[in-house]
Amino acid sequence: MACKRYAYVHEVGKIEENPHMHLYLITDPDVKEDTLRTQLRKLTKSCRGNKLYSLVKLDTEEDNIAIEYLAYMFKEGEVISIGFTDAWLDEAKAYDLQVKKEIKEKKEKRKSRYERLNAYFEERFTRQGNPDHFEVYNIVYDFMLSERCSISISSIATHVNTLMMKYNTDYRTELFTRVMKS
């Protein structure tokens, strides 16, 4: 059985994962699944059952390729391909980048508002020394606008005080002195 169009990638994975291969074959329409399995078993005596390999038939037509699977192959390693057009590969790479972007956005949204605000503050307050109330207020206000969340005086005050306590040693000392006097 000859296969004129295929792609593969060797995926190393993380330390606790097993290295493995992903293979995308586009066979002639008359090639049956059982024939393909038989050919795979002839490659090596150890190639038996789903422990060592699995096959999934993708719903494709001659000019329609399963971009999602091809994109999945790009997640790790260099994809080697024969007979795949540059347009297919470019579309798969773009799809892979979009999926990675969405995953990153979801991870970011799972962080607490405080974690996101703290990261936002650290990106924007870059000068040396203690921040003052006005600097912190502007960063908190911009953050809340960027998050499209409700803005209230009390929430801004809470966030400003929290950041001032964390990043302004003079403020902490001043607040500690006030608390001890009362």
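## Two nonpolar cores and a charged pocket

At 0% relative accessibility, Leu-163 counts as buried, a word used here for residues under 20% relative accessible area, with exposed kept for those over 50% and partly exposed for those in between, computed with a 1.4 Å probe on protein chains only. The model that holds this residue is predicted, and local features need pLDDT of at least 70, side-chain atom pairs count only at pLDDT 80 or more, while totals for chains, interfaces and linings use all residues. Residues are numbered from 1 along each chain as its sequence is written, and side-chain values use heavy atoms, with hydrogens and water left out.

The chain has 182 residues, of which 25% are buried. It contains 8 helices and 3 strands, which are DSSP runs numbered from the N terminus, helices being H or I over at least four residues and strands E over at least two. Read from the N terminus, the order of elements is β-β-α-α-α-β-α-α-α-α-α. Of the contacts between residues at least 6 apart in sequence, 52% join residues at least 24 apart, where a contact means heavy atoms within 4.5 Å.

Leu-163 itself is found in helix α7. Setting aside residues up to four places away in sequence, Leu-163 touches Leu-117, Asn-118, Phe-121, Val-136, Val-140 and Asn-168. The pair formed with Asn-118 is 45 residues apart in sequence, yet the two C-alpha atoms are 7.7 Å apart in space. Ser-155 also has its place in α7, and, leaving aside neighbours within four places in sequence, Ser-155 is in contact with Met-144 and Ser-150. From Ser-155 to Val-140 the C-alpha distance is 9.6 Å, across 15 residues of sequence.

Several of the partners of Leu-163 lead to helix α5, which covers residues 113–124. This helix of 12 residues reaches 16 Å from its first C-alpha to its last, close to the 16 Å expected at 1.5 Å a residue, the expected span being 1.5 Å times one less than the number of residues. Within α5, Arg-116, Leu-117, Asn-118, Tyr-120 and Phe-121 are buried. An α-helix has 3.6 residues a turn, so residues three or four places apart point the same way. The buried residues of α5 pack against α4 (86–110), α6 (133–147) and α7 (153–167).

Helix α5 also takes part in the second largest pocket, whose volume is about 260 Å³. A pocket is defined on a 1 Å grid over the protein atoms alone, as an open set of points where a 1.4 Å probe fits, with protein on both sides within 12 Å along at least five of seven lines, and its lining residues have an atom within 4 Å of a point. Grid points are joined across faces, edges and corners, and the volume is the space filled by probe spheres set on the points. The elements giving two or more residues to this lining are α4, α5 and α6, and the largest share, 5 residues, comes from α5. Among the lining residues are Glu-105, Lys-109, Arg-116, Tyr-120, Phe-143 and Glu-147. By class the lining divides into 3 nonpolar, 1 polar and 7 charged residues, with Ala, Val, Leu, Ile, Met, Phe, Trp, Tyr, Cys and Pro counted as nonpolar, Asp, Glu, Lys and Arg as charged, and the others, Gly among them, as polar.

The next topic is the nonpolar interior. A nonpolar core is a set of buried Ala, Val, Leu, Ile, Met, Phe, Trp, Tyr and Cys residues joined through side-chain atoms within 4.5 Å. In the largest one, of 16 residues, Ala-7, Tyr-24, Ile-65, Leu-70, Met-73 and Phe-84 touch the most other members. At least two residues of this core come from each of β1 (5–11), β2 (20–26), α3 (67–73) and α4, and α3 gives the most, with 4 residues. Apart from this core lies another, of 15 residues, which includes Val-140, Met-144, Cys-149 and Val-160.

Beside the largest core, His-22 has its place in strand β2 and is buried, with a relative accessible area of 11%. Among its contacts beyond four places in sequence are Ala-7, Tyr-8, Tyr-72 and Met-73. Asp-96 lies in helix α4 and is also buried, with a relative accessible area of 8%; beyond its neighbours within four places in sequence, Asp-96 is in contact with Ala-71, Phe-74 and Lys-75.

Arg-148, in the loop between α6 and α7, counts as exposed at 79% relative accessibility. Although Arg-148 is not a glycine, it has a positive phi of about 55°.
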